[in-house]
Amino acid sequence: MVPLKRRKITKPQATDQHSKICKFNDVAVFIIERKMGASRKSFLMQLGRSKGFKMEEHYSPCVTHVVSENNTGDEVQTWITNQAVGNDDKSFSSSLHLLDISWLTDSIAAGCPLPVQDKHKLKTSPKPSADVSVITVKSYACQRRSPLKHHNIFLTEPLEILAENAEFMENEGRSIAFRRSASVLKALPRAVREMDDLKDLPCLGEHSLRVIKEILEDGASREVESTRLSEQFRAMKALTGVFGVGVKSADRWFREGLRSPADLLRTGQNLNRAQQADQNNKESSLLLLGVRYYDDLNRPVTKNEALAISDIVERAVNAVLPGAIITLAGGFRRGKEDGHDVDFLITHPEEGTEEGLMPKVVSWLEDQGLLLYQKTTRNSYLESKDGPARPPHNMDRFERCFSIFKLQQTREGSVLPAGAGGVMEQRAEECWRAVRVDLVVSPYSQFAYATLGWTGSKLFERELRRWAGQERGVSLSSHTIYDSKRQCYLPASSEEEIFAHLGLEYIAPGERNA
Ligand code: CTP
Ligand code: MN
Ligand code: MN
């Protein structure tokens, strides 16, 4: 909203620009209004034009001389950089003059643009690197592109150790803070070399900055290295690495003196009580399974193994529901070369036909002897009865199956091609590995949301929901967006549409590695 007064002044100026002849075409002056005020600026603009100076209305790359009053060189530089956000790089040309107002008044008095002298130049803080473009990073991870490979692993890996340790201590706030810091560094276009490179970056808390500083100066952070080696961290890592074991059990066992999965067997943690109550029995056999397949389940699943599992899942699903659509989600969809499991989303264009699909898929897989473990949960999402997915519930309510596949392999460890018969199959008979697989069934109408919700990364998802709630006042789940003000759901048939609903630029799966 331009004040009336200013509009009156700008009108005649605009005509002025056309009526007056620019006498000095290779000099284009732009006056920064900041700290000067609109009326003084327009007075100087008019005066300049009356002398035949080319006075620019807007800042643009054709400006050669930027003039300001009572601003430091750094302030002017920041102002200019901010004008260029969006057009990225070219914010700054080294030939651009940043000048004090005295250059303009002296030039007007002289009747022509004077050569720039040292006394006219605004001083900017020395920058070691030649190009001074300040990196701007948006504060929500879902506003940024986070590629799989980035330039700051030497900083993000240590910060993520601290995040993991905070999770083991059940300090979620602290863990998220470290993860957000790491994520900002993943989005940088180059490696951080000094603390100055971090100025103006969001989400970097005091503690993270302290860790980064130590790594930059000494090559390592004492806190991180001692955490890495600490008995508690190592034990928690080993114990939570057992399939089905969470932080709470691991912490209890640690306090009881247990350190490794082998300790669980040795002390018969729950295990010898297996014959007692039914519930106990279930927990114990799960634990036995987790310990038995410990090495397999902690060895990364390769892309090839994921593709082999895809083939199996496709065969299973098509056998029970022809025409179903199967999508590889999770880390592999983001372009990762390996993962801790393989995630699949299943739907069918004919809404409703997907209902009850999972038990059929599971029994097909079981008949083929392909499952070592499975736990299926029914779809509990009923929009009409239940109302919107409540935001504090991150867990979605799709029909899903948490499973361990038995994947046949050749002796060399490569995956056996589907249908490879005869001698090969016999030789490879006892050669298989356990692989964690997540299967999720979504109704077609929610498939875009399910895909977005199951592609990750976890931090990217968390940030999407935070953005939706805090910046847009809507609640996002893996089922839908609910707008509580307008009391309506926002349907979407593609991920692009969901980003648009949220007022976000589309970020491709490969750039969601926040
Ligand atoms: N997810 C979810 N609800 C769960 C578990 C997972 O919505 N109960 C989502 C996560 O938010 C993530 C995706 O499913 O977006 C995949 O989760 P996960 O397999 O744990 O992580 P990946 O990113 O696939 O990492 P990895 O490669 O190690 O498997
Ligand atoms: Mn995964
Ligand atoms: Mn998963």
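Exposed means over 50% relative accessible area, buried under 20% and partly exposed in between, using a 1.4 Å probe and protein chains only. Keep that scale handy, since the tour comes back to it.

Before you start clicking: this is a predicted model, where local features need pLDDT of at least 70 and side-chain atom pairs count only at pLDDT 80 or more, while totals for chains, interfaces and linings use all residues. Residues are numbered from 1 along each chain as its sequence is written, chains are lettered from A and ligands numbered from 1 in the order written, and side-chain values use heavy atoms, with hydrogens and water left out.

**Stop 1: ligand 1**

Select ligand 1 and show what surrounds it, counting a residue as near if one of its heavy atoms lies within 4 Å. You should get 17 residues, and those that come nearest are Gly-331, Arg-334, His-340, Asp-341 and Lys-458. Colour the shell by class and you'll find eight charged residues, seven polar and two nonpolar. (Asp, Glu, Lys and Arg count as charged; Ala, Val, Leu, Ile, Met, Phe, Trp, Tyr, Cys and Pro as nonpolar; the others, Gly among them, as polar.)

Now look for polar contacts, meaning pairs of N or O atoms within 3.5 Å; within protein, one must be able to donate a hydrogen and the other to accept it, and residues adjacent in sequence count only if both atoms are side-chain atoms. Start at Asp-341, where a polar side-chain atom sits 2.7 Å from an oxygen of ligand 1. Move to Asp-343: an N or O atom of its side chain is 3.1 Å from a ligand 1 oxygen. Then pick Gly-456, which uses a backbone N or O atom, 2.9 Å from an oxygen of the ligand.

How much of ligand 1 does the protein cover? The answer is 83% of the 590 Å² of accessible area that ligand 1 has on its own, with areas from the Shrake-Rupley method and a 1.4 Å probe; for residues, only the protein chains shown count as cover.

Switch to cartoon. Helices (H or I, at least four residues) and strands (E, at least two) are DSSP runs numbered from the N terminus. Elements giving two or more residues to the shell around ligand 1 are α15 (330–333), α19 (447–455) and α20 (458–472). The largest share, three residues, belongs to α19.

**Stop 2: the two manganese ions**

Select ligands 2 and 3. Donors here are N, O and S atoms within 2.8 Å of the metal (3.2 Å for Na, K and Ca); water is not among the atoms, so sites may look incomplete. For the manganese ion that is ligand 2, the protein donors are Asp-341 (OD) and Asp-343 (OD), at 2.0 to 2.1 Å. For the manganese ion that is ligand 3, they are Asp-341 (OD), Asp-343 (OD) and Asp-438 (OD), at 2.1 to 2.3 Å. Along the sequence, the ligand 3 donors follow the spacing D-x1-D-x94-D. This site ties together distant parts of the chain: Asp-343 in strand β8 (residues 342–347) and Asp-438 in strand β11 (residues 432–441) are 95 residues apart.

Put a distance label between the metals: they are 3.6 Å apart, and Asp-341 bridges them.

Are these aspartates buried or exposed? Asp-341 is buried at 6% relative accessible area, Asp-343 is buried at 9% and Asp-438 is buried at 6%.

**Stop 3: backbone oddities**

Go back to Gly-456 and check the peptide bond to Ser-457: it is cis, with omega near -5°. Ser-457 is in the loop between α19 and α20.

Next, select Asp-200, in the loop between α6 (172–186) and α7 (206–218). Asp-200 is not a glycine, yet its phi is positive, about 70°; at 55% relative accessibility it counts as exposed. Gln-487, in the loop between β13 (481–483) and β14 (488–489), also isn't a glycine and has a positive phi of about 50°. Gln-487 counts as exposed too, at 62%.

**Stop 4: a four-stranded sheet**

Show β1 to β4. They form an open sheet in the order β2-β1-β3-β4, with parallel pairing; two strands pair if DSSP finds at least two bridges between them. At the edges, pairing on one side only, are β2 (54–55) and β4 (97–100). Zoom in on β3 (residues 65–68), which four bridges join to β4; there, Val-66 stands opposite Leu-98.

**Last stop: Ser-494**

Ser-494 sits in the loop between β14 and α21 (495–501) and is partly exposed at 24%. Draw a C-alpha to C-alpha line to Ala-448: it spans 4.9 Å, for 46 residues of sequence separation.
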